[in-house]
Amino acid sequence: MKQSLDAGLAALKQQDYDRAITLLESVAKSATNQPLGTRAEMGLVMAYKATGNLQKSIALCTSLTKHPHTQVKTWADRTLTALSDRRPPKPPENPQKIPATPPETGFVPFDVGNSPPKISPTGDRPSTDQKTDLVAFEQTSRQKNVKSPQIPPVPAPPKPPLVKTSEPETSTTTVADSDAPTEVPGVVTPDTYELIWRNSGRAASGWRKLKLLKLARFRVETLACTIALFLMVRFILEFLLTNVNALLVQLYIFTKLPVFAPIQIFYRDPTAFVQFMFGLLLASSPWLIDAVLKLICGMEPLGGVTLLKSSKEANRVVRNFCKQQNMPAPVLQLLPIDVPVAFSYGCLPRFARIAVSQGLLDQLTEDEIATILARELAHIAHWDFAPMSLAVLVIQTPYLIYGLVVHWEERLSGLISIEFFRSVVKVLAAGISAGSYGIYKLLRWPMLWVSRRRVYFSDRTAAEITGNPNGLTRALAKIAIGMAKNIEQQQQTSFFLEGFELLFPVGLGQAVTIGSAGLHAPLEQILLWDVSNPCRHWLTVNSTHPLMGERLKLLALYAQFWQLETELDLANLGTLESTKGKFQVSDLFNSKFWPRHPPPLVLQGAPFLGIPMSLAIVGVLWLIGGILSRTSIWWLDWLWGDRSILWGCLPIGFCLGTLMRINDFFPDIVPRAVTAPSLPQILSNSDSLPLDAQPVGLQGKLLGRSGMANWLGQDLILQTGTGLVRLHYVSRFGPIGSLWPQPTRPSDLVGQSVVATGWLRRGATVAIDLETLRSQGGRVSHSGHPIWSAILAFAAAVWGAYIIFQGEMYR
């Protein structure tokens, strides 16, 4: 049937209308109420119209106006209007001078007053009457002009953005909805879309300067985040040392062996030691990071000649900016890797380094390289490169332990022949590697705020230095695409990309999604959520970088400030944000708020909002105790000022919040409700939240690390036909359960074709909370997100009750 449809559409394009009608009518009759039948009927409307059978064309088009799919209905309404208003054209006054009207297939449409007239091979232009007579078959699926796409400011639901294809005669839009009839004639699909850059210009010489940056508040925030990192490192170190000694005491009591005697130095306050290590790491950060990069990537010096060959402008920007800021030029280093990245590090401007990968020099143009180096110079001038270098070294310590333990476990397991000792080594290695990775993820948190904030300032400064916000837009997008391609080529996320993510121009999580989907759909479409979702700012707390759409929108605004044509049409998107699902603090005091279903954002953060709500309950209990203490009801006066209630209600509040959202967060997965949307379709919905869990079953190739390096599901990525999607895996008993023996782990299926079934989450990034991962060979790996959430909630409740029961210890 599909072959007949393709043949009929091909005949329609070739103006063989009799054959096209015969083939399309057979498909329409055989595939009634099916996508193939819809496509055939749309083609028949144009075939009937081209042969002059307007009655049939109008009748069929009228039936399509009742189609349930919005895009088809819109097309049918517009086409029906054109058919109804159609009148016989007036005879030309001078027939010899006017060429014959070409047959109207709709595959070479014109948009009156917007698109330029098509020039024929002989150089003749169609007349005005001819252009008016050419009614577009693809009005819903074509582009007026790629430089001014018709994307509404706040699409709800979003209209398919306009794209530019490689064919100059037909520009179309992408079908965004999952139930859309795919491959409608002339519609660009993820398989046929081609990314074409506009190469918009830059500001002329002597461009106006932007307002002076005020960095005082940012520097205070940076200092506060660095102190928070220090306190977290101190807490983790003290926790580890205390528990190591507690374990040694238990072993000593059990074995009476002196070797298990507790280590006395572990009982000391580690504050002074952490202070010394922070100072040492900061002072030696340029050379320590040099050593790490040489070990991981084989870093080497970047000579001035090499940079001149790739970008003379970049060399000029470095010299002029450093002279203007009265600071020494940073040392340039070359990373001989294909992934396009660049980052700065060091402790002082005189010891600053800028590392540039060979992939960046190869994949970016001369002006784009200059904008990226300008970004890194901005980090040095703003002094945020120093605390970020310190943070990267601090988090690199547990991350390197994680990588080294995994590496040596694989080697030792191959050398040990006795199964018992091999199992002992595996258990110890699994515990150390999992614990180290968990500490690495925890230590990133204090610096995430600074990591996001500093990006805005560096992008702005780079645009001002070079006068080329469009070049920086292309550079950032190409870096994201290059990072996604590197993951596809390597079949996993390299340790380098994950370990140094805080320093990169683009976050790894965003690059995986945007970089892969950007090759299958317009960037304006896949970035729509980033600029228009009303809750997006609350959902980036765990992100290393700001939303890509917001960054590129700001660059588009800078381009408009200099009266430039923008590379992407993002400047006017999201300016009128809808309040649908938007939570405001004032709603908490609204009497109408609580009887209704909680707003999506409140339900999304219910486990964490339950903690402050529990504090309110504690306040009420304390108030009751205080009032009763002044009466004769003495048996409840103990509530007044009881700190055990305070500490016990915190985990109980977390439990209540988790249970409140668990049904909405993990709806039942019914086979008939499972969908398989493409990545561009997922990204097209600008109103979705992670709470809007969509049961999906996507097929593709599983990428990621193999073996123990991926036991916790650290690196699981599904490679689909339209892009990469991250997968979240957790055992039914949490991270500890992931270390127990299992029949099939997700890492066992890496490199195989699988079907991932679970709950699709759309937030700052796109991910699937797995329920099952099934290979073609029948092997199944089960994930336990709902069960683990319930276990975690009840464990928190038990812990809170225990704290209240043991009240005297907390008073």
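**Exercise 1. Find which helices cover the buried residues of α2.**

Solution. Begin with the covering elements: helices α1 (2–13) and α3 (35–50) are among what covers the buried residues of α2, where contact means heavy atoms within 4.5 Å. Helices are DSSP runs of H or I with at least four residues, numbered from the N terminus. The model is predicted, so that local features need pLDDT of at least 70 and side-chain atom pairs count only at pLDDT 80 or more, while totals for chains, interfaces and linings use all residues. Residues are numbered from 1 along each chain as its sequence is written, and side-chain values use heavy atoms, with hydrogens and water left out.

Next, list what is being covered: the buried residues of α2 are Y17, A20, I21, L23, L24, V27 and A28, buried meaning under 20% relative accessible area, exposed over 50%, and partly exposed in between (1.4 Å probe, protein chains only).

**Exercise 2. Check the length of helix α2 against its expected span.**

Solution. Helix α2 covers residues 17–30, which makes 14 residues. The expected span is 1.5 Å times one less than the number of residues, and for α2 this gives 20 Å. The end C-alpha atoms of α2 lie 20 Å apart, which agrees with the expectation.

**Exercise 3. Describe the salt bridge between E221 and R217 and its setting.**

Solution. A salt bridge is a side-chain nitrogen of Lys or Arg within 4 Å of a carboxyl oxygen of Asp or Glu, and the closest N and O atoms of E221 and R217 are 3.2 Å apart. Both residues belong to helix α7, and because they are four residues apart there, about one helical turn separates them. An α-helix has 3.6 residues a turn, so residues three or four places apart point the same way. E221 counts as buried because its relative accessibility is 13%, whereas R217, at 64%, counts as exposed.

**Exercise 4. Work out which parts of the chain are joined by the salt bridges K426–E409 and E524–R198.**

Solution. Take K426 and E409, whose side chains meet in a salt bridge at 3.0 Å, N to O. This pair links distant parts of the chain, with K426 in helix α15 (residues 419–444) and E409 in helix α14 (residues 385–415), 17 residues apart. K426 is partly exposed at 29% relative accessibility, and E409 is buried at 5%.

Then take E524 and R198, which form a salt bridge at 3.7 Å, N to O. Here E524 sits in helix α20 (residues 523–526) and R198 in the loop between α6 (128–133) and α7 (216–255), 326 residues apart. Both E524 and R198 are buried.

How values were computed. Helices (H or I, at least four residues) and strands (E, at least two) are DSSP runs, numbered from the N terminus.
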